[in-house]
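Thanks for making time this morning. I have one structure to go through, and I will keep to the numbers.

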Amino acid sequence: MADIKTIGVLTSGGDAPGMNAAIRAVVRTGAAAGVRVIGIKRGFTGLLDKEFVDMDPERVSEIMELGGTILYTARCSKFLEAEYQQMAADNLAQSGIDGLVVIGGDGSYRGAKCLADLGVHVVGVPGTIDFDIGSTDYTIGFDTAVNTAVSAIDKITDTSTSHERCSIIEVMGRNVGYIALWCHIANGADGILIPEKDEFDEQALIDSILNNRRKGRKHHIIINAEGVGRSNRLAKRIEAATGIETRATILGYIQRGGTPTAKDRVYASTMGAYAVDLLLRGEEHRVVAYKDGKFMDFDLGEAITMKKSIEEYQFLLRGLEGRESAGRA
Ligand code: ATP
């Protein structure tokens, strides 16, 4: 066992449902091992401003079911500079924090690596709705975000059907298309645009909309990823080419909030506990991951270089488009 007496925990980057379950697990696993846990507010910004708050098991009761993060989060541009990274490491040392759990996305991992290189004992936990961390097949918040988006698209589909419209629905994901791909399959959408595939054939989509409309289909749903954007322009072009009323809906931040799914609660809890166990064992410079059906950990530097890409087989699934049988009504 390493001689860790105080662990800090912070959430960084975009908030993700399930982060609270991870914080709770860090606090309670630490407390069970007799370790003091300090919450650091507003990610790396709070580390620079010494926004430290003592966490005890009571403080994290009844937070598992809450979306967002009780520690707040931030994007901190100052932290890109070596001077501020050193200040953060000094703040940790001065406050007696000898282990740090960073819950966030790939950017937060890069920030965590800077601290690790300055000698801080850091463990990263993957927290991002975007799913874009190469070292893991699970990231906190993706499952909830996808379920929220799928349910919103179901609702839009109802009104789209009633008005016999075409709907372009833009979902989040920054510069990756995982949420879009999952919504495409789960909602039986007619088309998908993601930043990873720039060879999108707009004319083929228009032809298929017209063909399905001729067969009697009442609505058409196209999923567009945030990284492609310009949904309103696409809607105008499709309406002009097909003559079918076409509306764009940008789902936006609704996808970040809300009660985490059971999967996000369970995986985030497991990963938070795993991170503390790593620190207690004297491990540092690690990230927690879920890979090949198991919870495991990787070297932080190695994890940052690991790549992930869209599952080609899922992207190429054919014949599943369109949830409504043409000509049903
Ligand atoms: P999300 O996937 O939700 O966007 P993220 O962790 O990838 O989460 P970013 O905004 O990319 O979000 O990064 C969060 C913070 O991590 C940044 O605001 C910055 O403080 C820090 N960070 C990002 N990249 C670096 C880097 N190269 N060096 C040091 N710190 C970094």
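I will take the ligand site, then the cysteines, then a few places along the chain.

First, a caution: this is a predicted model, and everything I say is computed from it.

Start with the ligand. There are 19 residues around it, and those that come nearest are Arg75, Cys76, Ser108, Thr128 and Arg174. By type, the shell around the ligand divides into five nonpolar, nine polar and five charged residues. Which helix gives the most to that shell? Helix H4, residues 106-117, with six residues.

Now the individual distances. A polar side-chain atom of Ser108 is 2.6 Å from an oxygen atom of the ligand. For Arg174, an N or O atom in the side chain lies 2.6 Å from a ligand oxygen. Gly105 comes in through its backbone instead: an N or O atom there is 2.9 Å from an oxygen of the ligand. As for coverage, the ligand on its own has 620 Å² of accessible area, and the protein covers 85% of that.

Next, the cysteines. How many disulfides does a search of the whole structure find? Zero. Take Cys114. The closest cysteine sulfur to its own is in Cys76, and because those two sulfurs are 11 Å apart, they are too far for a bond. Cys114 has 24% relative accessibility, so it counts as partly exposed. Cys166 is in no disulfide either; the nearest cysteine sulfur, in Cys183, is 16 Å away. Is Cys166 buried or exposed? Its relative accessibility is 0%, so Cys166 is buried.

On to helix H1, residues 19-32. H1 has 14 residues, and from first C-alpha to last it reaches 20 Å, close to the 20 Å expected at 1.5 Å a residue. Of those 14 residues, 10 are buried, so the rest of the structure largely encloses H1. The buried ones are Met19, Asn20, Ala21, Ala22, Ile23, Ala25, Val26, Val27, Thr29 and Gly30. As background, an α-helix has 3.6 residues a turn, so residues three or four places apart point the same way.

Two threonines are worth a stop. Thr11 is in strand S1, residues 6-11. At 0% relative accessibility, Thr11 is buried. Its side chain is joined to the side chain of Thr69 by a polar contact of 2.9 Å.

Thr270 sits in helix H9, residues 262-280. With a relative accessible area of 29%, Thr270 is partly exposed. Its C-alpha is separated by 8.3 Å from that of Phe295, although the two residues are 25 apart along the chain.

Last, backbone angles. Which residues have a positive phi without being glycine? Two that I can show you are Glu62, with phi at about 55°, and His285, with phi near 60°. Glu62 is in the loop between strand S3, 52-55, and helix H3, 82-94. Its relative accessible area is 66%, so Glu62 counts as exposed. His285 is in the loop between H9 and strand S10, which covers 286-291.

To recap the ligand site: the contacts I listed include the side chains of Ser108 and Arg174 and the backbone of Gly105. That is what I have; comments are welcome.

Note on methods:
Residues are numbered from 1 along each chain as its sequence is written. This is a predicted model: local features need pLDDT of at least 70, side-chain atom pairs count only at pLDDT 80 or more; totals for chains, interfaces and linings use all residues. Side-chain values use heavy atoms; hydrogens and water are left out. A residue is near a molecule or strand if one of its heavy atoms lies within 4 Å of it. A polar contact is a pair of N or O atoms within 3.5 Å; within protein, one must be able to donate a hydrogen and the other to accept it, and residues adjacent in sequence count only if both atoms are side-chain atoms. Accessible areas come from the Shrake-Rupley method with a 1.4 Å probe; for residues, only the protein chains shown count as cover. Helices (H or I, at least four residues) and strands (E, at least two) are DSSP runs, numbered from the N terminus. Ala, Val, Leu, Ile, Met, Phe, Trp, Tyr, Cys and Pro count as nonpolar, Asp, Glu, Lys and Arg as charged, and the others, Gly among them, as polar. A disulfide is a pair of cysteine sulfur atoms within 2.5 Å. Buried means under 20% relative accessible area, exposed over 50%, partly exposed in between (1.4 Å probe, protein chains only). The expected span of a helix is 1.5 Å times one less than its number of residues.
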